[in-house]
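Here are a few short exercises to work through with the model open beside you. Try each task before reading its solution.

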Amino acid sequence: MVHHQSQLLATMRREAPAGETSKNAQILMRGGYIQKPSAGVYTFLPLGLRVLKKVSQIVREEMLSLPRTHEVLMPALQPRELWEQTGRWEEAIGDVMYTVDDNKLALGPTHEEIVTDLFRQQVSSYKQLPLGLFQIQNKFRRELRAKSGLLRGREFLMKDLYSFHTDAKAQDEYYDEVAAAYLRVYNRCGLDALLTKAAGGMFAKYSDEFQVLCETGEDTVYLRADGREARNEEIVEDSSSSELIEYCGGEVRTAKAIEVGNIFRLGTKFSKPLDALVTDEEGNRIEILMGCYGIGISRVIGTVVEVLGTDRGITWPEEIAPFDAHVIDLVGTPEALSLAERIDAIGKDILLDDREGLSAGERFAEGDLIGAPVRYVFGKSFTADGTVEVRRGTEVSFKKLEEIQ
RNA sequence: CGGGGAAUAGCAUAGUGGUCUAGUGCGCCGGGCUGGGGGUCCGGAGAUCGGAGGUUCAAAUCCUCUUUCCCCGACCA
């Protein structure tokens, strides 16, 4: 289906909302991708939802490529009892959880309790392991200070994967495959993410993060000599240590970065208190090891805009663009629709600017906010010699209609 | 939660005691001229100036309280 811009609900604005200073919030709100009902809480408008769905689908495909890994959908509403069984109710309630119904339920900030409960009811044999279960769902966290547009919200879309194993070796194998899948996800989204050693937080001594270098990031990382790996400053005790200097290649190098994913080994932290056991080959009931792996999907979008956004808008990476191509007709020729239909026929998402009475400048300005990787313009060159302007980012060429695709 | 800033039409803003019957730009509705970087002209609709209370002959404007948003910090499984 050719999408007609006259039918697109996307109010483009010339100015960013007052006081909104982060680049991703400015561009996404100016472009009509998102709207903000309250701090850290966003509505995804049709344009934003298109990007959100594309990123979600990339994540889904890469997760389903992992061995014995399935998609589920767990509830956002979680019972207090499960959190009490793992001892996390007291520490979590005043901290990050929103509670409802007189504290009997909480809006899930994460799903270790729920997924472990799922596991103990559904799985009882070592033969069913390893097992990976993931979901793509909204998470709720009471951030003391929501900020930076999609980078730190109170409700946000996240992919969370949990894995279950009989032994450490099996877990390590799975863990490494997840790390590789994560790098593929970021790559497909147009991001260059660094595997970064970080603190383990509530769970373990260390975890691995995926960091995208960006001046506006909250984190500081120490870069390895080859620039392909990093350490989060939270695990660096002393930046003058000789070990660290050697790691960085003779001179300590730091950079600001945005965390776009985090993977943990959980050990038996949840399986033990919740009695998630399986029967092994000898018939013994054994404790299982778990891992958890998260990607903030809405944060990935914010990060892409932080990294690729400009004063005028953004050119989206191909796989996550709301539209693959944008046709702008300045001369009123039926060939514009014909081209759009041809592109549509090969399975691309095509947007046709079919609106009337707008100036060329306005169409281009809004096109810059929509950010299709390819833009076809029917203008002066079409009238003169029948060529269409083809723009990919900043690269411009002129082609005859029959040369396109 | 500490510190700083800000709330006026859908958006961005002007106005700091009487000239405000709240101005302008964008957007919106009707119409004209236009058409390569948010063009232009004419006509229109849209605001109880975040909320509550107070001071005053008179409050968008001064005072008190309150709510919300942004920024810095703390926090971030």
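**Exercise 1: a covered helix**

The residues Ile297, Ser298, Arg299, Val300, Ile301, Gly302, Thr303, Val304, Val305, Glu306 and Val307 are the buried ones of helix H8 in this predicted model. Find out how many residues of H8 are buried, and compare the span of the helix with the expected one.

*Solution.* Start with the cover: eleven of the twelve residues of H8 are buried, so the helix is mostly covered, a residue counting as buried when 20 or more other C-beta atoms lie within 10 Å of its own. Next, take the length. H8 runs over residues 297–308, and at 1.5 Å a residue its twelve residues should span 16 Å. The expected span uses one less than the number of residues, which is why the factor is not twelve itself. Finally, check the model: the end C-alpha atoms of H8 are 17 Å apart, which agrees.

**Exercise 2: two packed helices**

Describe how H2 packs against H6: at what angle, and with which residues?

*Solution.* First locate the pair: H2 covers residues 46–64 and H6 residues 168–188. Their axes lie 9 Å apart, at an angle of about 155°. Angles over 145 degrees count as roughly antiparallel, so H2 is roughly antiparallel to H6. The crossing of H2 past H6 is right-handed. Now list the contact: on the H2 side are Ile58, Val59, Glu62 and Met63, and they meet Ala181, Arg184, Val185 and Arg188 of H6. Sorted by kind, the residues of this contact are five nonpolar, three charged and no polar.

**Exercise 3: a loop valine**

Place valine 96 in the chain, then decide: is it buried, partly exposed or exposed?

*Solution.* Begin with the sequence: valine 96 sits in the loop between helix H4 (89–93) and strand E6 (98–100). Then count its surroundings. There are 17 other C-beta atoms within 10 Å of valine 96; buried would take 20 or more and exposed 12 or fewer, so valine 96 is partly exposed. Leaving out residues up to four places away in sequence, valine 96 touches Pro109, Arg141 and Arg142. Glutamate 143 is 47 residues away from valine 96 in sequence, yet 6.6 Å away in space, C-alpha to C-alpha.

**Exercise 4: the whole chain**

Summarise chain A: how many helices and strands are there, and what share of residues is buried?

*Solution.* Count the elements first: chain A has eleven helices and 22 strands. Of its 405 residues, 41% count as buried. The C-alpha atoms fill a box of roughly 80 × 50 × 45 Å along the principal axes. Last, look at the contacts between residues at least 6 apart in sequence: 70% of them join residues at least 24 apart.

Key
Residues numbered from 1 in each chain as written. Chains lettered and ligands numbered in written order. Predicted model: local features only at pLDDT ≥ 70, side-chain atom pairs only at ≥ 80, totals over all residues. Helix = DSSP H or I, 4+ residues; strand = E, 2+ residues; numbered from the N terminus. Contact = placed C-beta atoms within 7 Å. Axes fitted to C-alpha atoms, helices over the stretch in contact; angles between N-to-C directions. Parallel < 35°, antiparallel > 145°, perpendicular 65-115°, else oblique. Left-handed = near helix turned anticlockwise from the far one by under 90°. Nonpolar A, V, L, I, M, F, W, Y, C, P; charged D, E, K, R; others polar.
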